[in-house]
Amino acid sequence: MTTSDTSPTPAGTAAGDSPPATFAGRLLTIARHDLPASIVVFLIAIPLSLGIAVASGAPLMSGLIAAVIGGVVAGALGGSPLSVSGPAAGLTVVVAGLVVKFGWPATAAITVAAGALQLLLGFTKAGRFALSLSPGIVHGMMAGIGVTIAVQQAHVALGGSALSSVWSNLRDLPAVLMAHHTGPILIAEICIVVLVGWPKIPKASVIPAPLLAVALATAIAALTHLNVTRVRLPRNPLAFTLPQLPHGSVASIGGAVLTMALATSVASLLAVVAVDKLHTGPRANLDRELLGQGAANIISGALGGLPIASVIIRSEANVTSGARTRASAILHGLWIALFVLVLGGVLEMIPVAALSAMLVVTGVRLVNVGHIRQLWRHRELTIYAITVLGVVFLGLVEGVLLGVAVALLRTLWRLTHSSVTVEREQDHWQVTARGSLVFLGVGRLTRELRRIPAGTRVVIELHIDFMDFAVFEAIHDWRTAHERLGGEVVIEEIHDTWYYRALSGRPEVRRTLPSPERGLAPWSQWQNGQSQQAAGKDSAPEDAIPSQLIRGMHEFERRSAPLLRPLLTDLAAHGQQPTQLFITCADSRVVPSLLTTSGPGDQFCVRNVGNLVPPYAHPTADASVGAAVEFAVDTLEVSSIVICGHSDCGAVQTVLDESAPHGSYLRAWLRHAESGTGPAGKHVAADVAGLPTVERASVLNVLRQLDNLTTFPTVRHALSTGRLSLIGMYFDISAARVYLVDPNRGTLASVREPGNIPEQIG
């Protein structure tokens, strides 16, 4: 599986471009782009690797070994060409715990075993499953690790020693402050000021902040002869610490290996996904990334190095520095190896407090305020907070498992959550249920139903996507009891028929396709019962209004209005901006919003008998149609005008039969329709000519009205400037098919065949 983010490359870089195919071209790319980037990453990696080793309670050389192996092995074999691997701050909690429990040589052996497990995960293509974790858990895990690192390393930065737990570190922190270790505190303050302030200076990123902070602190410590603890490396940098088998139960050792493998895998996969968002080059192969990380961890553990993962800080520096290929990561590992072998004495001048201060800042930054805001907006902050507290006070594995448990419970609650409302209507009680109805909600449902007085009429409206047997039985038993006491219960299922299928003895266990909304069906299918009941009752004064109209308005306010209210509120505040003027027939079977799948604010619509547009300045022209055309083109600036005719048109049939009474408004109006011969110069294609007379005349009528539109000066001007087009449309009612009318060839083209879409006027 590969990620597919296509976020743009940061300004000033071309990171991720495919390398040239020729060998000479690849060398040129490495020399021009990857070599400079590798030096930047190398300068950042040296102090970070030492600091992470200090925080992990491991030998300082183990951090440098991991940096070299991570750069060379993971850089060459990993699935992300631009990510940089090495010791990761996010793993310090795991490593420190294992060092305390098993010792360093045994922790190195656990790293080897974890690498082998990563290889297995990569071969079984398990990389994709790591991305299934809730973002609240992932960000909570990283924040918990950050808090743990910051609290732990604050002790070292203040001149003390890190303790085993956050509780212990917090408890003893006042005592460390009172000890007044002036040298370490001064060094730590200098580093923190540089790390926080340096990136805010324009163009200061040329020199990495971690490098400047450590270099400045080292120089001040050397010049002022401060009494501080400094880095100590072995005399022989090639004297590796060989791994030893850990002592303990199989369960504890197996748990340690699993924890290490999962922690390094999740950290790496999250990092490479983040790196993909920084460039437009090849996407990361997550399964290959696991293979590369597994191989690197096996070698690093075998040589006495820290566990390895892809690291976002170094990877981001790599991309923004212009790296193009994986050569940059490999070279940075080689520079570290060369530096340790040749200039190891320089590293021994670095104060440990400087490295700890750097990790304090790193830990604080892992608590990302932006992530907290996003999780708050998406109502996931509870999962985040519980994961953070679990990692800080219980441990990494315990905290993540606690977060997973909370996420699963929250998901279960969301999937099974339902709302039940009971309202008193004029002539009945209305019960509306939404969501998934399962046994967990039976208690609330029955409590709501018991509120309804006996002997009343009740309408239970079910907007649900699932109903189990417990809920069906509760509703059915209540219905039976209510009807036995003289009441009436009507159950209406809006999207599916869970209740009635269960009632017939054929219950479903999974969701089916939803049925059409009532608004798409004729009123008679859902209002007939209401109309008949209204007809049999005593009429109140307001009953002069047709009951169907009242019912329709009631349905709108109850169902559609809550969904449309935000959109309509915005349209009311900012005005309408329709894209088209839609002129169609007043025929009740033609519903423009259905034919074009449009909603409020999309169309400026004119409906009249026969979808007619009287010519401009015609003696019998209707001013209302002309006004609508001018308002749509000049004021609303629509980009198109549509003339929509339809089959079985009563207006066209009246023209053909000449059945409109003489002297009537209808006869005067229909003079603007064509009687069947078509306007001058207009003809229809063979497929249209073969249609029944009234249908052929309807198509010709569309062509005539398009011609009439061009008599308007405002339309001609908009056409000449290219900002308006005229479109002919024909709706076959019986077939429920929509066609576009070609104004030049007189043909009909189905919108199902985009290649045959006709030209437009304009």
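Visitor: Is L98 buried or exposed?

Guide: This is a predicted model. L98 is found in helix 3, residues 92-102. Buried means under 20% relative accessible area. L98 has a relative accessible area of 9%, so the residue counts as buried.

Visitor: Which residues does L98 touch, not counting residues up to four places away in sequence?

Guide: Residues up to four places away in sequence are left out here. What remains is this list: G103, T107, I110, A256 and M260.

Visitor: How many Å apart in space are L98 and V257, C-alpha to C-alpha?

Guide: In sequence, L98 and V257 are 159 residues apart. In space, their C-alpha to C-alpha distance is 9.9 Å.

Visitor: Now the sheet. Which strands are the edge strands?

Guide: The sheet is open and has 4 strands, with mixed pairing. Their order is 3-4-5-6. An edge strand here pairs on one side only. That gives strand 3 (418-424) and strand 6 (488-493).

Visitor: Do strand 4 and strand 5 pair in the parallel or antiparallel sense, and over how many bridges?

Guide: Strand 4 covers residues 429-437, and strand 5 covers residues 457-467. T432 stands opposite E461 in strand 5. The two strands pair in the parallel sense, over 9 bridges.

Visitor: Which strands does helix 17 touch?

Guide: Helix 17, residues 442-450, packs on the sheet. Its direction makes about 0° with that of strand 3. The helix touches strand 3, strand 4 and strand 5.

Visitor: At what angle does helix 18 run to strand 5?

Guide: Helix 18 spans residues 469-484. It lies across strand 4, strand 5 and strand 6. Its angle to strand 5 is about 170°.

Key: Residues numbered from 1 in each chain as written. Predicted model: local features only at pLDDT ≥ 70, side-chain atom pairs only at ≥ 80, totals over all residues. Heavy atoms only, no water. Pairing = 2+ DSSP bridges. Contact = heavy atoms within 4.5 Å. Axes fitted to C-alpha atoms, helices over the stretch in contact; angles between N-to-C directions. Buried < 20%, exposed > 50% of the residue type's maximum accessible area, 1.4 Å probe, protein only.
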